[in-house]
Structures are given as C-alpha cells and as structure tokens.
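Work through the exercises below with the sequence and the model side by side. Try each task before reading its solution.

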Amino acid sequence: MITRALIAGCGGYLPERVVPNDRLGADLGIETSDAWIVERTGIRQRHIAAPQETASSMGAEAARQALERAGIGAEAVDAVILATATPDQAFPASAVRVQQALGITRGFAFDLSAACTGFVYALGMADALIRTGQARCVLVIGSEVFSRILDWTDRGTCVLFGDGAGAVVLTAGEGGGTAADRGLLSTHLHSDGRFGDILLVDGGPGSNGQCGKLRMAGREVFRHAVSKLAAVVDEALEANGLGHEDVRWLVPHQANRRIIDAMGKKLKLPAERVVVTVDRHANTSAASIPLALAEAAGAGLIERGDLVVMEAIGGGLTWGAALARF
Ligand code: COA
C-alpha cells in the first residue's frame with residue numbers, strides 16, 4: 001500500500017460585482033466590443049473584487065466552502081498552500097492570513113508563485129507533503145485579484161482576466177500504487193525562463209496597494225499554450241499507463257475558449273466532459289482550475305472513480321498537468 005492525496009472537498013468564491021463585456025466600453029471607456037472578446041476568447045463577463053477584498057480574504061472564503069463540503073474542521077489542517085500572483089502584500093504570506101482567518105494556529109502556510117500554473121504546482125507540493133508523511137491534511141488554494149495588476153488602458157489584456165478564488169482539501173489515504181487508485185496519481189511540472197518576457201508583471205506584488213501591471217504578447221503565449229499543454233497531458237497519461245479513453249473529465253485552466261476546445265479535441269472528449277467557466281469567470285489565473293472543480297463537483301457532475309485531467313500554462317513560462325481520480 002502507498003499513501004495517496006485524496007481530494008476530500010472543493011470550494012470556490014467569486015466577488016459579487018459582475019462586469020459583462022458590453023460594460024467595459026460603457027463604464028470603463030475601453031475601445032472593445034462583446035463580439036471581439038467572445039469570438040477571440042469565449043469570455044462574456046468577469047467578476048471584479050470589491051476594494052476591501054484581497055487574495056487572502058477570497059481564499060479564506062473558498063477554503064471554508066471546501067472544508068465544509070469535505071466535512072473537515074479547520075483544526076485538522078496541517079498545511080495551507082496558496083497559489084497567487086497577487087498576494088495581499090510581500091509578507092506575511094497570504095496563506096498565513098488565510099490560516100488566521102480560519103482560526104488555525106498550528107502547522108504551516110506559505111504562498112506559491114507560478115502564475116496561472118500556480119494551482120497545479122501547489123497540488124504537486126501538497127502531494128509531496130502527503131506522500132512523505134509531513135502532512136495528512138493540506139488546503140490548496142488559488143486566489144487572484146488580477147483587476148489590480150491590469151493596465152486598464154491596454155485592451156489587449158484587460159478584457160481577458162477576472163478575480164476569484166478556489167480551494168481543495170487534500171487528505172492522506174491509501175492506494176495500491178496503480179492508476180486505479182483514488183486521489184492524485186501524479187503531477188508534471190515545467191518551466192522555461194527563456195519565455196519570461198512574453199507574459200509578466202512589471203513590478204512588485206501587493207493586491208492591497210501599489211503594484212506592477214501585467215504585460216503580454218498574446219499571440220506568442222497562445223502558440224506556446226497549445227503545444228506545451230498537449231505535450232504535458234500526454235506526459236501525464238503515459239506516466240500512469242493511461243490513454244485518452246480513460247479520461248472522464250478535463251478541468252483545464254480557463255484562459256481562452258479556443259485553447260480549451262483544442263485540448264478537449266486532443267483528448268477526444270465530448271464537449272459535456274470539458275468543464276468550462278471562462279465564459280463567466282474570464283481568466284482567474286491560479287484560481288481558475290479550483291473554481292471550475294468546485295463548480296463541477298458542487299453540481300455533482302464529477303463522480304467517485306472519475307479520472308480528471310487538469311492542465312495549465314502561465315507566466316514564466318510555467319506549465320503543468322495533474323491527474324486525479326475522484
Ligand atoms: N477589443 C477590440 N480589438 C482589440 C482588442 C479588444 N479588446 N484587443 C486587441 N484588439 C485589436 C488589436 O489592436 C489588433 O488590431 P490591429 O489589427 O488593427 O492592430 C487586432 O485586435 C488583433 O490583435 P491581436 O492581439 O493580434 O489579436 P489575437 O487574434 O492574437 O487575439 C488574444 C488576442 C489575446 C485574444 C489572443 O492572442 C490570445 O488569446 N492569446 C493567449 C492569451 C492567453 O491565453 N493568456 C493567458 C495565458 S495564462
């Protein structure tokens with residue numbers, strides 16, 4: 001028998017304010033159109049955080065829901081890993097703020113920076129902690145306030161992102177060491193700094209204050225996304241002796257509908273097996289996969305035993321995939 005990280009519960013949080021595409025021009029003076037955004041990206045609206053909301057406050061809300069759905073009390077949490085590119089401040093880590101908000105005073109908490117791949121990286125770290133016996137219950141959170149790092153005069157980027165948070169609770173369980181086990185089967189992480197300048201934030205962190213702005217060479221990022229995501233998904237399936245036919249759900253990073261559709265096609269999955277939230281959430285970076293998981297699991301779509309593929313690419317460039325059986 002080996003130790004596996006089981007997904008015990010998923011939660012999400014979205015700020016109350018919704019900004020549909022057609023309000024971007026009317027309210028914010030951006031020269032764009034609903035038709036341009038929908039055709040290029042599939043995005044129809046995004047949620048925008050209220051002034052007092054931060055990565056930690058939204059992350060805590062998502063974590064509360066994940067713990068509640070898992071039926072696990074906060075006192076059982078050994079570690080909190082918060083993936084974010086928009087922490088409240090440089091330190092304390094926003095993960096420690098989440099710990100405090102949940103009333104956790106033991107164990108440890110830290111932030112992880114891998115841009116839009118942050119949640120997949122965080123799953124990898126949590127899996128390692130659980131497999132090596134350093135923790136039995138880990139809260140993995142992705143929480144982002146991208147509205148504060150967007151250049152609202154750059155229509156090529158500001159229409160693409162939104163704010164939100166998602167979380168999963170991972171708990172130690174046992175498996176036979178085969179791909180039939182429940183829990184995280186494996187994570188596959190990559191980065192290549194040669195492409196650091198095609199997607200970056202040109203200043204320091206601080207979702208509660210002054211910070212740099214996001215810059216992106218959209219076409220180049222798109223090109224990398226399609227090839228790197230396809231390769232890493234194959235890598236993950238091969239590592240577990242699995243094929244496309246074994247995949248029940250694709251829960252991809254939600255950046256662009258065209259990239260999502262290309263990945264669904266690659267896996268030969270019918271559209272109803274691909275979880276899509278980008279139309280309503282836009283790109284919430286590290287929060288997008290756990291938010292999509294929370295929505296699909298909360299609606300009872302993902303069933304016990306289903307094999308789920310998660311994949312993401314982001315600034316760094318970073319990219320990765322995770323395979324989990326629910
Ligand atoms: N509304 C209207 N027109 C816009 C616009 C907007 N919001 N943003 C850009 N345009 C215009 C440009 O100015 C350009 O006009 P021009 O031809 O007169 O110069 C034209 O649309 C095409 O711009 P371009 O940037 O080449 O568009 P594109 O077809 O590459 O689409 C993205 C842009 C960003 C949607 C696309 O490149 C993309 O999705 N990239 C991947 C981004 C991504 O997923 N990033 C996150 C990874 S984590």
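The exercises that follow go from a sheet to its helices, then to a buried residue and some backbone details.

This is a predicted model, in which local features need pLDDT of at least 70 and side-chain atom pairs count only at pLDDT 80 or more, while totals for chains, interfaces and linings use all residues. Residues are numbered from 1 along each chain as its sequence is written, and side-chain values use heavy atoms, with hydrogens and water left out.

**Exercise 1. Find the order of the strands in the open sheet of 5 strands, and name the strands at its edges.**

Step one is to identify the strands, which are DSSP runs of E with at least two residues, just as helices are runs of H or I with at least four residues, both numbered from the N terminus. Step two is to look for pairing, which requires that DSSP finds at least two bridges between two strands. The order that results is β1-β7-β6-β4-β5, and the pairing is mixed. Step three concerns the edges: β1 (2–13) and β5 (108–112) each have a single partner strand, so one side of each is left without a neighbour in the sheet. The twist from one strand to the next averages 20°, where angles run from 0 to 180 degrees between N-to-C directions and axes are lines fitted to C-alpha atoms, for helices over the stretch in contact.

As a check on the pairing, β1 runs antiparallel to β7 (residues 163–175) over 11 bridges, and Ala5 has Ala172 in β7 as its bridge partner. At the other edge, β4 and β5 are parallel and joined by 5 bridges, with Leu82 bridged to Asp111 in β5.

**Exercise 2. Decide how β4 is placed: are its faces covered or open?**

Begin with the rule for burial: a residue is buried under 20% relative accessible area, exposed over 50%, and partly exposed in between, using a 1.4 Å probe and protein chains only. In β4, 5 of the 5 residues are buried, so the strand is largely enclosed by the rest of the structure. Next, separate the faces, remembering that in a regular strand the side chains alternate between the two faces of the sheet. Ala79, Ile81 and Ala83 lie on one side and Val80 and Leu82 on the other, and both faces are covered.

**Exercise 3. Describe how α3 and α4 meet.**

Two packed helices are described by the angle between their axes and the distance between the axes. For α3 (residues 55–70) and α4 (residues 94–101), the axes come within 9 Å and cross at roughly 50°. The two helices are therefore oblique to each other, given that angles under 35 degrees count as roughly parallel, over 145 as roughly antiparallel, 65 to 115 as roughly perpendicular and the rest as oblique.

The last step is to list the residues in contact, which means heavy atoms within 4.5 Å. Ala55, Ser56, Gly59, Ala60 and Arg64 of α3 meet Ser94, Arg97, Val98 and Ala101 of α4.

**Exercise 4. Place Leu293 in the model: in which helix does it lie, and which residues is it in contact with?**

Leu293 belongs to helix α10 (residues 288–298), and it is buried, with a relative accessible area of 0%. Once neighbours within four places in sequence are set aside, its contacts include Cys10, Phe119, Val168, Val251 and Met310. One of these, Val251, belongs to strand β11 (residues 249–252), where Val251 and Trp249 are buried on one side, and Leu250 and Pro252 on the other. That strand runs parallel to β12 (residues 307–314), to which 4 bridges join it, and Pro252 has Glu311 in β12 as its bridge partner.

**Exercise 5. Which backbone details depart from the general pattern?**

Most residues other than glycine have a negative phi, and most peptide bonds are trans. Look for cis bonds to begin with: one joins Phe91 and Pro92, with omega about 0°, and Pro92 sits in the loop between β4 and α4. The peptide bond from Gly316 to Leu317 is also cis, with omega near -15°, and Leu317 lies in the loop between β12 and β13 (318–325).

Then look at phi: Ala282, although not a glycine, has a positive value of about 60°, and Ser285 has a positive value near 55°. Ala282 lies in the loop between α9 (278–281) and α10, as does Ser285. Ala282 is buried, with a relative accessible area of 0%, and Ser285 counts as buried at 1%.
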